[in-house]
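This report covers side-chain packing, ring pairs and charged pairs in one protein chain. The model is shown first.

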Amino acid sequence: MEMLVSGDRNLKAANWTNLLADWPEPAAPQRLANRIRLFEGRRFDSTVDALEPALEQLWAVIAARRRSVGVRKEVWIIAANSFSISDFETQMRLGVGGRSESLQAYQLLQGWMSAASNLDAEVKIFVSR
C-alpha cells in the first residue's frame, strides 16, 4: 500500500528488475519479450525502443500520479481460484464455528481494508465464485 501514497519519487517496485524481463518468464512457452505494452500513446516495441529508459520514464509518470490527490488509488488482490466467495460466506455464517483459516482471512481482509481506508484507497478483491 505504500506504493500507492508515497511521495518518494525514487521509491521503486520491489520487483523492479522483473519489469525488465520477459513476461511471464523467459522460459515460458508463450511469452512476451517485455512487460511494457504502450508508451507515449503508441505500441511499445523493444526491438526498436530502449527498454530501460522507457521503463524509467513510465515509472516517473507512476510516481507523479502516486503523489497526486486527484488520482483515485486502488489495491487489487487477485486470489482467483485460491479463494471462494461462496465458501467464505458459508464459513462466516458459522461465526466462531467457522474454519480458522476463514476467520483469519476475515481478519486480514478487515486489516487491509482499514489500512486502505486510512490511506484513501479502495480495495478490490478478485476471487472465484
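## Charged pairs and packing

In this predicted model, Asp87 has a relative accessible area of 30%, so Asp87 counts as partly exposed. Asp87 forms a salt bridge with Arg99, with the closest N and O atoms 2.3 Å apart. The partners are twelve residues apart: Asp87 is in helix 3, and Arg99 is in the loop between helix 3 (85–93) and helix 4 (100–118). Arg99 is also partly exposed, at 38% relative accessibility.

The structure has six salt bridges by the rule applied here. Three of them are listed below, with the distance between the closest N and O atoms.

| Salt bridge | Closest N and O atoms |
|---|---|
| Asp87 and Arg99 | 2.3 Å |
| Asp22 and Arg31 | 2.7 Å |
| Arg72 and Glu122 | 3.1 Å |

Asp22 has a relative accessibility of 16%, under the 20% limit, and therefore counts as buried. Its partner Arg31 is partly exposed, with a relative accessible area of 42%.

Arg72 and Glu122 link distant parts of the chain, 50 residues apart: Arg72 lies in the loop between helix 2 and strand 3 (73–84), Glu122 in strand 4 (residues 121–128). Arg72 is exposed at 59% relative accessible area, while Glu122 is partly exposed at 34%. Both belong to a network of salt bridges that also includes Glu74 and Lys124.

Another arginine, Arg9, sits in the loop between helix 1 (2–5) and strand 1 (38–39), and is partly exposed with a relative accessible area of 48%. Leaving out residues up to four places away in sequence, Arg9 touches Ala63, Ala64, Arg66 and Arg67. The C-alpha atoms of Arg9 and Arg67 are 8.4 Å apart, with their positions 58 residues apart in sequence.

The largest nonpolar core has ten residues, including Trp16, Leu19, Phe39, Phe44, Leu55 and Trp59. Helix 2 (residues 51–67) supplies the largest share, four residues. Beyond neighbours within four places in sequence, Leu19 contacts Arg35, Leu55 and Trp59. A separate core of five residues includes Ala79, Phe88, Ala105 and Leu109.

Four aromatic pairs are found in the whole structure. Phe39 and Phe44 have ring centres 6.0 Å apart and planes at 85 degrees, so this pair is edge-to-face. Both Phe39 and Phe44 are buried. For Phe83 and Phe88 the centres are 5.1 Å apart and the planes at 45 degrees, which makes the pair tilted. Phe88 is buried, with a relative accessible area of 12%. Lys12 lies over the face of Trp16, 4.6 Å from the ring centre.

How values were computed: Residues are numbered from 1 along each chain as its sequence is written. This is a predicted model: local features need pLDDT of at least 70, side-chain atom pairs count only at pLDDT 80 or more; totals for chains, interfaces and linings use all residues. Side-chain values use heavy atoms; hydrogens and water are left out. A nonpolar core is a set of buried Ala, Val, Leu, Ile, Met, Phe, Trp, Tyr and Cys residues joined through side-chain atoms within 4.5 Å. Buried means under 20% relative accessible area, exposed over 50%, partly exposed in between (1.4 Å probe, protein chains only). Helices (H or I, at least four residues) and strands (E, at least two) are DSSP runs, numbered from the N terminus. Contact means heavy atoms within 4.5 Å. Rings of Phe, Tyr and Trp (its six-membered ring) pair if their centres lie within 6.5 Å; planes under 30 degrees apart count as stacked, over 60 as edge-to-face and the rest as tilted. A charge sits over a ring if NZ of Lys or CZ of Arg is within 6 Å of the ring centre and within 35 degrees of the ring normal. A salt bridge is a side-chain nitrogen of Lys or Arg within 4 Å of a carboxyl oxygen of Asp or Glu.
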